[in-house]
Amino acid sequence: VFLVALIVVGAGCATTADPVHRGRFIAVSDAPVAVSCEGQEPKTLAVVVGVNHYKDERISDLEGAAGDAWAFYHLLASPNGGAVPEPHLRLLLNEEATREAVVGALGNHFAGACPQDRLIVYFAGHGETDPLKPEDAFLLVHDTSTDNMVATGVSMKRLYELLRERTSAENLV
């Protein structure tokens, strides 16, 4: 059973030292997290994605998506947000948030999760339905082409299937 929730976070706590406000964004290492389920307490694993800038000029740029993702990542790492250890977090912003990187992070980062673990997927950016098949929706990542969302976007249907195939965790937010 998956628990699904919508989380909205503002980026009001930025300082001049924040990478968001310097125009550069950080991405955390994609090294896999080693996990063992036997006798382990539940833990939180998260993939956080924010896209302001798109390669396809037909997709309008955003101003706050990457900042919101950056703020949410730091909230999770803070004591007030659960003190999630950095190796349990993945952050992909702007040009780092390609389809390959996002799908890879979701599939690889969550692969070793235990049934009692909590998985958090946070995406800030554009979403769009397929003009040829309106019942299919896609998350638009940095390298999405509006001419071929099936191959370059992140399918919402495939996202669920990927998470079910790659993890035994039962709690997804």
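# Briefing: strands, helices and one disulfide

In strand β5, K133 is the bridge partner of D130. That pair belongs to a predicted model. The protein chain has 4 helices and 7 strands. The points below start with the strands, move to the helices, and end with a disulfide and a histidine.

**The chain as a whole**

- Along the sequence, the elements of the protein chain come in the pattern β-α-β-α-β-β-β-α-β-α-β.
- The protein chain holds 173 residues, and 42% of them are buried.
- Take the contacts between residues at least 6 apart in sequence: 68% of these join residues at least 24 apart.

**The hairpin**

- Strand β4 covers residues 127–130.
- It pairs with β5 in the antiparallel sense, over 4 bridges.
- Together β4 and β5 form a hairpin, with 2 residues between them.
- The bridge of D130 and K133 brings in β5.

**The open sheet**

- Which strands make up the open sheet, and in what order? There are 4 strands, ordered β2-β1-β3-β7, and their pairing is parallel.
- The edges belong to β2 and β7 (171–172). Each has a single partner strand, so one side of each is left without a neighbour in the sheet.
- β1 and β2 run parallel and are joined by 5 bridges.
- Two facing pairs can be found by eye. V48 stands opposite L91 in β2, and G50 stands opposite L93 in β2.

**Strand β2: buried or exposed?**

- Strand β2 spans residues 89–93, and 5 of its 5 residues are buried.
- Both of its faces are covered.
- On one side sit L89, L91 and L93, all buried.
- On the other side sit R90 and L92, buried as well.
- So β2 is an edge strand with one side lacking a neighbour in the sheet, yet the strand is mostly covered.

**Helix α2 and its neighbours**

- Helix α2 lies across three strands: β1, β2 and β3. Relative to β1, α2 runs at about 175°.
- Helix α2 also meets another helix. Two packed helices are described by the angle between their axes and the distance between the axes.
- For α2 (residues 99–109) and α4 (residues 156–166), the axes come within 8 Å and cross at roughly 30°.
- An angle under 35 degrees counts as roughly parallel, so α2 is roughly parallel to α4.
- Which residues meet in this contact? From α2 come V103, L106, G107 and N108. From α4 come L159, L162, L163 and R166.
- By type, the residues of the contact of α2 with α4 divide into 5 nonpolar, 2 polar and 1 charged.

**The disulfide**

- How many disulfides are there? The count comes to 1 disulfide.
- The disulfide joins C37 to C114, with an S to S distance of 2.1 Å.
- The angle about the S-S bond is -105°, and the link of C37 and C114 is left-handed.
- The pair links distant parts of the chain, 77 residues apart.
- C37 lies in the segment before β1 (44–50). C114 lies in the loop between α2 and β3 (118–124).
- The two ends can be set side by side. C37 has a relative accessible area of 36%, so it is partly exposed. C114 has 0% relative accessibility, so it counts as buried.
- Another distance involves C114. From C114 to E41 is 73 residues in sequence, and 9.6 Å in space, C-alpha to C-alpha.

**The histidine H142**

- Where does H142 lie? H142 is in the loop between β5 (133–139) and α3 (149–152).
- Why does H142 count as buried? Its relative accessibility is 13%, and the cut-off for buried is under 20%.
- Leave out residues up to four places away in sequence. H142 then touches V51, H53, Y54, K55, N94, E95 and A97.

How values were computed. Residues numbered from 1 in each chain as written. Predicted model: local features only at pLDDT ≥ 70, side-chain atom pairs only at ≥ 80, totals over all residues. Heavy atoms only, no water. Axes fitted to C-alpha atoms, helices over the stretch in contact; angles between N-to-C directions. Parallel < 35°, antiparallel > 145°, perpendicular 65-115°, else oblique. Contact = heavy atoms within 4.5 Å. Nonpolar A, V, L, I, M, F, W, Y, C, P; charged D, E, K, R; others polar. Disulfide = S-S within 2.5 Å. Buried < 20%, exposed > 50% of the residue type's maximum accessible area, 1.4 Å probe, protein only. Pairing = 2+ DSSP bridges.
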